[in-house]
Amino acid sequence: MNNTQKYIEKVRTFLKARDNKGSDLHLAKVMNVSRSAIYQWKTGRSGVDIREGYKIALLLEKDPLTVVGELFQDEFKNPETREFFQVVLDNQNHSDSAA
């Protein structure tokens with residue numbers, strides 16, 4: 001299971017608790033995407049974009065930079081881009097622990 005799939009399940013669990021609904025249709029409505037997009041994310045065929053990652057972070061009350069970075073780690077084929085996000089996440093985690 002990749003990070004996108006893990007976050008989709010976290011959002012689904014959150015929505016079940018908050019709205020008593022956890023269907024793909026409800027998730028799609030909350031995320032303002034198609035049910036097809038939800039299916040693509042669940043099956044690992046595609047990942048979320050930055051705006052959707054930000055929405056996920058807001059719903060789960062998580063740091064947007066961390067969530068987007070983790071989501072995008074799955075998508076980066078380019079080692080330099082993957083390394084960039086890893087450095088940003090490491091710096092973010094270091095800053096959080098120093099505070």
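**Exercise 1. Overall content**

Of the 99 residues of the chain, what percentage count as buried?

Solution. The model is predicted, so local features need pLDDT of at least 70 and side-chain atom pairs count only at pLDDT 80 or more, while totals for chains, interfaces and linings use all residues. Residues are numbered from 1 along each chain as its sequence is written, and side-chain values use heavy atoms, with hydrogens and water left out.

Step 1. Apply the cut-offs: buried is under 20% relative accessible area, exposed is over 50%, and partly exposed is in between, with a 1.4 Å probe and protein chains only. By this criterion 36% of the 99 residues count as buried.

Step 2. Assign the elements from DSSP runs, numbered from the N terminus: helices are H or I of at least four residues, strands are E of at least two. The chain has six helices and zero strands, in the order α-α-α-α-α-α from the N terminus.

Step 3. Take contact as heavy atoms within 4.5 Å. Among contacts between residues at least 6 apart in sequence, 44% join residues at least 24 apart.

**Exercise 2. Two helix pairs**

Describe how helix 4 packs on helix 5 and on helix 1.

Solution. Two packed helices are described by the angle between their axes and the distance between the axes. Axes are lines fitted to C-alpha atoms, for helices over the stretch in contact, and angles run from 0 to 180 degrees between N-to-C directions.

Step 1. The axes of helix 4 (residues 50-60) and helix 5 (residues 64-73) come within 8 Å and cross at roughly 130 degrees. Angles under 35 degrees count as roughly parallel, over 145 as roughly antiparallel, 65 to 115 as roughly perpendicular and the rest as oblique; helix 4 and helix 5 are therefore oblique to each other.

Step 2. On the helix 4 side, the contact is made by Ile 50, Gly 53, Tyr 54, Ile 56 and Ala 57; helix 5 contributes Pro 64, Val 67, Val 68, Leu 71 and Phe 72.

Step 3. For helix 1 and helix 4, the axes come within 10 Å and cross at roughly 45 degrees. This pair is therefore oblique as well. Tyr 7, Ile 8, Lys 10, Val 11, Phe 14 and Arg 18 of helix 1 meet Ile 56, Leu 59 and Leu 60 of helix 4.

**Exercise 3. The core and His 26**

Which residues have the most contacts inside the largest nonpolar core?

Solution. Step 1. A nonpolar core is a set of buried Ala, Val, Leu, Ile, Met, Phe, Trp, Tyr and Cys residues joined through side-chain atoms within 4.5 Å. The largest one has 21 residues, and those with the most contacts inside it are Val 11, Leu 27, Met 31, Val 33, Trp 41, Ile 56 and Leu 71. Helix 1 (3-19), helix 2, helix 3 (35-43), helix 4 and helix 5 each supply at least two of its residues.

Step 2. Not counting residues up to four places away in sequence, Leu 27 touches Ile 8, Val 11, Arg 12, Leu 15 and Ile 38.

Step 3. His 26 lies in helix 2 (residues 24-31). His 26 is buried because its relative accessible area is 13%. Leaving aside neighbours within four places in sequence, His 26 is in contact with Leu 15, Asp 19 and Lys 21.

**Exercise 4. Positive phi**

Locate Asn 32 and Glu 61, and state whether each is buried or exposed.

Solution. Step 1. Most residues other than glycine have a negative phi. Phi of Asn 32 is near 60 degrees, and phi of Glu 61 is about 55 degrees.

Step 2. Asn 32 lies in the loop between helix 2 and helix 3, and Glu 61 in the loop between helix 4 and helix 5.

Step 3. Asn 32 counts as exposed because its relative accessibility is 63%. Glu 61 is exposed, with a relative accessible area of 74%.
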